[in-house]
Amino acid sequence: MSSVLSGASLGVSQPLIRWSWIGDHLGPIRHALLQHLALTFVAVGVGLVLSSLLAAFAIRFRITYQPINAVTGIMYAIPSLALFILLTPITGLTELTAEIALVSYTLQILFRSIVAGIDEVPASVRESARAMGLTRSQQLWRVELPLALPVIVSGLRIATVTTVGLVPISGILGSDQGGLGTFMFDGLARFFYTPLLVGGVLTVVLAVALDVTLVRLQRVLTPWVRRAHAS
Amino acid sequence: MNGVHHLFVWFNDPANWHGVNGVPRRVLEHLTLWAWSMAIACAIAVPGGLLLGRSRRTGTVTVNVANIGRAIPSFAVIVLSVIWLGLGNAPVVVALVLLAVPPIFTFAFTGVRQVDAATVESARGMGMTEARILRSVQVPLALPLILNGLRLSSAAVIATAPLAALVGSGGLGRYVIDGFAVRDFAEVSAGVTLVVTLVVCNELLFAGLVRAASRGPARRSRARSRDGRRKT
Amino acid sequence: MIELEHVAKVFPGQAAAAVTDLSLEVGEGEIAVLIGPSGCGKSTTLRMINRLIEPTAGRITVAGKDIASQKPHHLRLAIGYVIQQGGLFPHRTIARNIATVPELLGWERSRINRRVEELMDLVGLEADLATRYPSELSGGQQQRVGVARALAADPPVLLMDEPFGAVDPIVRLRLQEELLSLQRRLHKTIVFVTHDIDEAIRLADCMAVLNVGGVLEQTGPPVDVLARPSGPFVLEFLGADRGLKRLALIPVSAAELQPGPTVEISDSTAAAKAVMARRQTDWVAVLDHGRVRGWASAGALDGHGDLARIDLTPFPVVVRPTDSLRHALDALVSSPTQVVLVVDADDRYLGLLDVARIGKGLES
């Protein structure tokens with residue numbers, strides 16, 4: 001799908017929102033929204049798993065932290081548009097292509113957040129946990145991870161919101177791709193405001209909504225953070 | 001490794017270095033977008049961050065700004081801006097400015113906040129005006145952090161500017177889009193290579209700037225605080 | 001209870017040993033205090049007992065069993081550990097913090113809840129703090145939680161690494177007293193590390209003075225170490241007011257009291273004057289059936305037939321047999337008569353102390 005819009009005239013008059021279009025397209029809009037959510041959750045979920053593995057490795061073997069940081073950083077620096085496109089010879093114009101690219105964009109922030117979260121657990125707390133007789137696995141699951149949660153969740157927020165913003169770009173791969181991006185590309189191709197607005201506004205709303213939800217989730221999971229006060 | 005070979009061939013082809021679609025032209029277009037976006041973002045975020053950072057009152061407002069900024073999807077913003085600004089560079093610049101402002105703002109804010117209050121107090125006591133204090137004391141000491149914010153924004157802008165090709169503008173994104181249209185992956189890779197090169201240049205540039213900024217005043221201040229506050 | 005045999009520790013990459021050939025024994029129910037300057041390896045030694053640090057050489061046994069033969073976490077479940085920063089889990093309530101080891105051991109919920117209540121009461125924490133988080137408590141309260149948590153599974157051994165170092169001196173004194181009273185009830189074997197010589201003297205049944213590199217300079221009850229320091233290092237470490245420190249450990253009852261000039265209030269002034277002549281004093285203490293009422297100078301007696309009508313001056317300070325000689329010396333210094341009165345719990349006259357007798361008390 002080409003999005004080159006040279007020569008499209010700005011003079012075409014149209015209302016900002018043609019409500020009839022929206023009414024006719026409620027089904028596709030819902031479908032696109034669900035696809036958008038699905039792509040996001042899968043990407044962040046897989047990213048979380050992979051980053052956890054990388055983080056566990058980097059915590060155990062400190063020397064690998066910088067190399068992993070650098071590699072995931074380079075993956076983040078590659079423009080999303082290009083990554084979607086470059087994967088097509090390998091995995092085709094499919095959702096898999098989109099997912100691979102989306103996952104790779106989450107890796108650096110999640111990796112760094114997990115390592116930072118665990119590193120910030122105070123040394124005295126870690127020592128106590130060890131001294132009281134918790135096994136290594138108990139220390140990790142009962143003490144270190146819960147305390148690392150605030151930092152991990154803040155990284156998760158960034159990764160989620162970034163992914164929501166990148167999903168539409170995968171619409172370059174085809175008209176059935178890209179979640180809400182389909183409307184954006186459609187609107188650009190036909191120079192039609194309504195789908196542009198629907199796609200753009202819903203994407204922004206989705207990003208903010210997920211961000212707020214994750215903040216709430218973090219508050220629920222970490223009640224001790226809110227109650228801190230100096231005595 | 002076939003791909004690498006094709007990439008090499010592409011860069012060796014002199015035709016790719018001339019004309020409207022030549023490397024110099026596209027790089028210039030890309031850097032033009034970057035320059036406009038960074039200039040506007042700095043004009044908003046640096047004074048904003050510095051002034052709000054100096055004042056004792058503001059606190060959570062700024063954290064919220066930074067957080068909201070992160071939640072903005074750039075492509076969606078471009079698309080929405082097209083409605084009012086049409087195709088071309090303008091909507092891209094809007095989105096890139098929105099992308100660049102939060103990190104610059106946050107780092108400027110934090111940078112000026114973490115300047116030792118005692119240093120500022122003594123400057124005030126010496127009779128410096130507030131403007132002078134900001135210029136001669138706080139900004140130099142906050143410079144490493146301010147530069148860090150600029151570095152991050154700059155890299156993000158360079159890496160996001162290729163989206164301009166989707167709305168009829170130029171820049172290195174054109175190689176990506178046009179290459180894809182004719183399935184010339186060498187061209188696509190060339191576009192990516194050039195973008196990544198610019199990002200690396202960005203890192204080097206700012207690494208040098210941060211080093212230069214960390215030398216004089218910041219080092220003197222660090223040395224002073226090291227001597228003045230020995231642990232008992 | 002705890003035996004260290006020729007224990008040594010060298011950290012990789014360091015030329016000097018942290019602990020050199022240390023042999024030490026801690027009896028059951030005893031508070032053993034490890035004390036010394038920084039670099040003397042006292043914390044390292046403590047951490048070797050629960051295998052947070054593995055010894056490079058030597059053997060450590062707890063309750064007769066070689067600690068190397070047990071799994072580290074099993075060993076640690078049976079040893080309580082309290083550190084200066086507390087190390088409380090910020091993400092768990094006080095109750096759940098205290099319940100940590102019992103939960104690991106698989107106790108039933110009801111038994112755990114009862115134990116938490118019991119312990120909070122034992123260490124002096126109000127019950128409504130149980131649902132709070134550590135960050136909401138003061139430093140002193142946090143330390144108490146640390147102690148309660150260490151005692152939760154009733155371990156026979158407690159290791160404490162400068163646990164009261166981070167609180168202010170008033171709270172620290174209180175925590176020390178509470179530890180002593182706790183120990184009187186529980187009789188745990190405690191190994192306590194501190195760099196504060198006064199804390200060591202207050203708490204220790206047995207004090208081990210360590211030099212840099214974990215060299216054991218002297219060990220013994222504080223009274224003995226203070227009386228007979230083994231060498232220049234210990235002497236200097238104990239500080240200049242060694243004598244006063246010893247006085248703080250010896251009770252008034254250990255000193256020989258001077259009988260002093262006393263009369264019953266029913267006696268006549270003539271009898272009082274006779275006592276003063278015999279004792280060669282110019283004052284007399286007036287008792288009422290053995291209880292102290294006050295004193296009168298020779299001049300105050302003139303012109304009176306019996307003692308009942310005379311205005312007696314009360315004694316400003318009195319000490320009891322359980323008070324320390326240091327307290328007596330302090331009272332003496334502020335008394336105009338150069339003696340201090342000793343009475344029992346019912347204010348019954350026991351005798352007098354002067355500087356000479358206090359000094360003699362040191363020799364016991």
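## Exercises on a predicted three-chain model

In chain B, 74% of the contacts with a separation of 6 or more are between residues 24 or more positions apart. The structure used in these exercises is a predicted model.

**Exercise 1.** Describe the secondary structure of chain B, and state what share of chain B is buried.

*Solution.* Begin with the count of elements: chain B has 9 helices and 0 strands. Next, follow the chain from the N terminus, where the elements run α-α-α-α-α-α-α-α-α. Finally, turn to burial, for which a residue needs 20 or more other C-beta atoms within 10 Å of its own; by this criterion, 43% of the 232 residues in chain B are buried.

**Exercise 2.** Work out how helix 5 and helix 7 of chain A are oriented relative to each other, and what kinds of residue form their contact.

*Solution.* Two packed helices are described by the angle between their axes and by the distance between those axes. Take helix 5, residues 95-119 of chain A, and helix 7, residues 136-166 of chain A: their axes come within 8 Å and cross at roughly 160°. Because angles over 145 degrees count as roughly antiparallel, helix 5 of chain A is roughly antiparallel to helix 7 of chain A. The handedness is a separate matter, and the crossing of helix 5 of chain A and helix 7 of chain A is right-handed. As the last step, sort the residues of the contact between helix 5 and helix 7 of chain A, which gives 15 nonpolar, 7 polar and 2 charged.

**Exercise 3.** Decide whether helix 8 of chain A is largely enclosed, and find which elements its buried residues pack against.

*Solution.* Helix 8 of chain A covers residues 181-190, and 8 of its 10 residues are buried, so helix 8 is largely enclosed by the rest of the structure. The buried residues of helix 8 of chain A include A:Phe183, A:Met184, A:Phe185 and A:Leu188, and also A:Asp186. To see what surrounds them, look at their partners: the buried residues of helix 8 pack against helix 2 (26-60) and helix 9 (193-221) of chain A, and also against helix 4 (74-85) of chain B. Just beyond, helix 8 of chain A is followed by A:Phe191, which has a positive phi near 50°.

**Exercise 4.** Describe the side of chain A that touches chain B.

*Solution.* First count the residues on both sides: 34 residues of chain A are in contact with 33 residues of chain B. Then ask where the residues of chain A come from; helix 4 (80-91), helix 7, helix 8 and helix 9 of chain A each supply at least two of them, and helix 9 of chain A gives the largest share, 11 residues. Sorted by type, this side of chain A has 26 nonpolar, 7 polar and 1 charged.

**Exercise 5.** Explain why chain C is more spread out than a compact globule, and describe its contact with chain A.

*Solution.* Chain C holds 15 helices and 16 strands. Its radius of gyration is 27 Å, whereas the globule rule gives 21 Å for 364 residues, and because the value is well over that of the rule, chain C is more spread out than a compact globule. Along its principal axes, the C-alpha trace of chain C spans about 85 × 50 × 35 Å. For the contact, 21 residues come from chain C and 19 residues from chain A. Helix 2 (72-77), strand 6 (79-83) and helix 4 (100-105) of chain C give two or more residues to the side that touches chain A, and the residues on this side of chain C are 10 nonpolar, 9 polar and 2 charged.

Conventions:
Residues are numbered from 1 along each chain as its sequence is written. Chains are lettered from A and ligands numbered from 1 in the order in which they are written. This is a predicted model: local features need pLDDT of at least 70, side-chain atom pairs count only at pLDDT 80 or more; totals for chains, interfaces and linings use all residues. Two residues are in contact if their C-beta atoms, placed from the backbone, lie within 7 Å. Helices (H or I, at least four residues) and strands (E, at least two) are DSSP runs, numbered from the N terminus. Ala, Val, Leu, Ile, Met, Phe, Trp, Tyr, Cys and Pro count as nonpolar, Asp, Glu, Lys and Arg as charged, and the others, Gly among them, as polar. Axes are lines fitted to C-alpha atoms, for helices over the stretch in contact, and angles run from 0 to 180 degrees between N-to-C directions. Angles under 35 degrees count as roughly parallel, over 145 as roughly antiparallel, 65 to 115 as roughly perpendicular and the rest as oblique. A crossing is left-handed if the near helix is turned anticlockwise from the far one by less than a right angle, and right-handed if clockwise. A residue is buried if 20 or more other C-beta atoms lie within 10 Å of its own, exposed if 12 or fewer, and partly exposed in between; C-beta atoms are placed from the backbone. The radius of gyration is taken over C-alpha atoms; the globule rule is 2.2 Å times the number of residues to the power 0.38.
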